[in-house]
Amino acid sequence: MIGAKDGFPQNTSLLLASAEGVKFLVLLQISSRLLTFLVNQVLLRYLSPELLGISIQFELYMITIVYFSRESLRTAIQRYGISSDTGPIPSRANDKEKTHGPEGVIEGTPAAQSQTVVNLAYIPIPLGVLFAAIIAPYYVRSFVSSDTVSRPYFYESVLLYTVATLLELFSEPGFALSQQMLLYKLRAGAESAAALTRCILTCGLTIYGVKVGLGGDSGLGPLPFAVGQLGYAIVLIAFYIGQCWNIARGEGFSLGLRKIASRENSYHMSYFYKPLSGLAFSMWMQAAIKHVLTQGDSLLIAWLATTHDQGIYALASNYGSLIARMLFQPLEESSRNLFAKLLSQTGPKDDNSKATSDSLRSAATILQKILRLYSLLSTFFFSTGPPLAPLLLSLVVGSRWSNSAAGSVLSSFCYYIPLLAVNGITEAFVQSVASSKQLQQQSLWMFGFSVGFGLAGYVFLKELGWGAQGLVWANVVNMVLRIVWSWWFMRGYFRRNGVQPVSVTMVIPDWKLVGTAAVVGGILRRMQELDTLSLAVICKVGTLGVLLVAVCAATEYKYFIECYWMVRGGRSGVDAAPKNSDEKK
């Protein structure tokens, strides 16, 4: 394993809090995605592929404003150190005079620490107004087609989506506070309640419009989605204010903007911490390029495909990314926060070699464990996903969709999702430890990747005529390039700090599992009867699945035991590991 057996008492509570955070975030994603899944099952009976494609365009519009406004600040704030006690900051209500002075909250106190985070979280609001003013006219006049503009309630939907987006940015102080204090349960509650509200409003208004005949054949158009998003934003703000208000009063800081008394003039206008503001500024371009890459499929398909093809891709993408959103995304978010806290000694400066050896070994081990988990899951995705995806899709959607190309697109997603997960965790590490100069270098590389992605997408969609399926393979090319760069960065980072880097042999599954997965995948791909569900198909697929799980349990049981004790005991992984390496024999 990486490094020697060392004690990690300073990391124990942080690891436990992060593990608890993963649990709440996974539960959040499962509940919200289950709600979305159930609502989609209803909506698919009332929506055409064209209207579903239009809703994806609106979501892209909203995400673009939100991402450009807050993502770089979110990443920068995560790198702001917390107190040694990773639980909620002790109450200072009884000695307020020790935390507050005539010029504001005194720098260096727990109250100032939280107030710094809250103040910075207000910056996305004016940025959101600015980006909405820039993006909204372009979206209406140039981005969407004339057919989309002619849909009922289009302009009303644009207005509601814009208002909902700006309202959502007002919840940033509550989100930032929950992240800084590791209050994952609070965040899970807020987002679950908001997601439930969005689902109820969207589904209810869509069905109502169809039943009463509003808007003719097109129903209410995208209006139900806009109303649902507005409800989401309102509930999110209300929940965060209601839950964080008492915390702020008890700890002696404010949920509003408040000055911080600094002896070294380290705050802009006494409100915004200069090092983190500068780091967020340097991260903005990198975040913008990442957004183009992340949402590049939506941009390309909006430019190069019809709304019918967009709807097919949207359906396959929603189902194909369910696992990624329910499991991989919570792990990525929690890991980014964990890495930033473990290696917070690096700070926002260009010298990122100050993290302690204990924290470095701990971060390397956790990274290796997560990547090993992803590689195990990938064997199941690659082996069973593509041949079974069309059958599963036909079971959950109506006949209106099952005869489309969505099944083949979903099969392609089974190759893409594991790469998306690996890229997520490796880039989370990079964003947690990279200096400003290194982030600028990454931005240049990502710009090059975006150009390559665009060219691949054009060739696959236009020249080869692969349609939505070609867009998936363009994403595969993009993910591979980004993973290679992040892996190169991680190896260099650990080597510079005197820690053995994670190698490929440490994360790939046992060869016996890989061989079994290849055999099972070959058998499934040759089964002609997978077109329809029958008792014979269930028995054959079940037998092959049990075989694959049994081989995985037999070959990887030591790894699962190590992970269990690492999380259950709160150890950072080095002391939970066996004395021998996890490298393949």
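These points describe a predicted model of one protein, from its overall make-up down to three residues.

1. Overall make-up. The protein has 21 helices and five strands. It consists of 585 residues, and 56% of them count as buried.

2. Surface. The accessible surface of the protein is about 24,700 Å². Carbon and sulfur atoms hold 64% of that area.

3. Contacts along the chain. Among contacts in the protein with a separation of 6 or more, 84% are between residues 24 or more positions apart.

4. Helix 8 and helix 9. Two packed helices are described by the angle between their axes and the distance between the axes. Helix 8 covers residues 184-212 and helix 9 covers residues 223-251. Their axes come within 7 Å and cross at roughly 155°. Helix 8 is therefore roughly antiparallel to helix 9, since an angle over 145 degrees counts as such. The crossing of these two helices is right-handed. Sorted by class, the contact of helix 8 with helix 9 has 18 nonpolar residues, eight polar ones and three charged ones.

5. Pro224, in helix 9. Where does Pro224 sit? Pro224 belongs to helix 9. Its relative accessible area is 2%, so Pro224 is buried. Leaving aside residues up to four places away in sequence, Pro224 touches Thr202, Leu205 and Thr206. Helix 8, residues 184-212, includes the positions of these three residues. Pro224 and Tyr208 are 16 residues apart in sequence, and their C-alpha atoms are 9.7 Å apart in space.

6. Helix 17 and helix 18. The second helix pair is made of helix 17, residues 436-463, and helix 18, residues 468-496. Here the axes come within 8 Å and cross at roughly 160°. That angle makes helix 17 roughly antiparallel to helix 18. Helix 17 passes helix 18 in a right-handed crossing.

7. Residues between helix 17 and helix 18. Which residues of helix 17 meet helix 18? They are Gln438, Gln442, Trp445, Met446, Phe449, Phe453, Ala456, Gly457, Phe460 and Leu461. On the side of helix 18, the residues include Trp473, Asn478, Arg482, Trp485, Phe489 and Arg496. By class, the residues of this contact divide into 13 nonpolar, six polar and two charged.

8. Asn423, in helix 16. Asn423 is found in helix 16, which spans residues 406-433. Is Asn423 buried or exposed? Asn423 counts as buried because its relative accessibility is 3%, and the cut-off for buried is under 20%. Apart from residues up to four places away in sequence, Asn423 touches Met479, Arg482 and Ile483. Arg482 is also one of the helix 18 residues that meet helix 17.

9. Leu513, in helix 20. Leu513 has its place in helix 20, residues 511-526. The relative accessible area of Leu513 is 0%, so this residue is buried. What does Leu513 touch, not counting residues up to four places away in sequence? Its contacts are Leu376, Thr379, Leu548, Val551, Cys552, Thr555 and Glu556. Leu513 and Val549 are 36 residues apart along the chain, and their C-alpha atoms are separated by 9.1 Å.

10. Summary for a first look. The two helix pairs treated here are helix 8 with helix 9, roughly antiparallel, and helix 17 with helix 18, also roughly antiparallel. Of the single residues, Pro224 is buried at 2%, Asn423 is buried at 3% and Leu513 is buried at 0%.

Technical notes. Residues numbered from 1 in each chain as written. Predicted model: local features only at pLDDT ≥ 70, side-chain atom pairs only at ≥ 80, totals over all residues. Heavy atoms only, no water. Helix = DSSP H or I, 4+ residues; strand = E, 2+ residues; numbered from the N terminus. Buried < 20%, exposed > 50% of the residue type's maximum accessible area, 1.4 Å probe, protein only. Contact = heavy atoms within 4.5 Å. Areas by Shrake-Rupley, 256 points an atom, 1.4 Å probe, with all protein chains shown as cover. Axes fitted to C-alpha atoms, helices over the stretch in contact; angles between N-to-C directions. Parallel < 35°, antiparallel > 145°, perpendicular 65-115°, else oblique. Left-handed = near helix turned anticlockwise from the far one by under 90°. Nonpolar A, V, L, I, M, F, W, Y, C, P; charged D, E, K, R; others polar.
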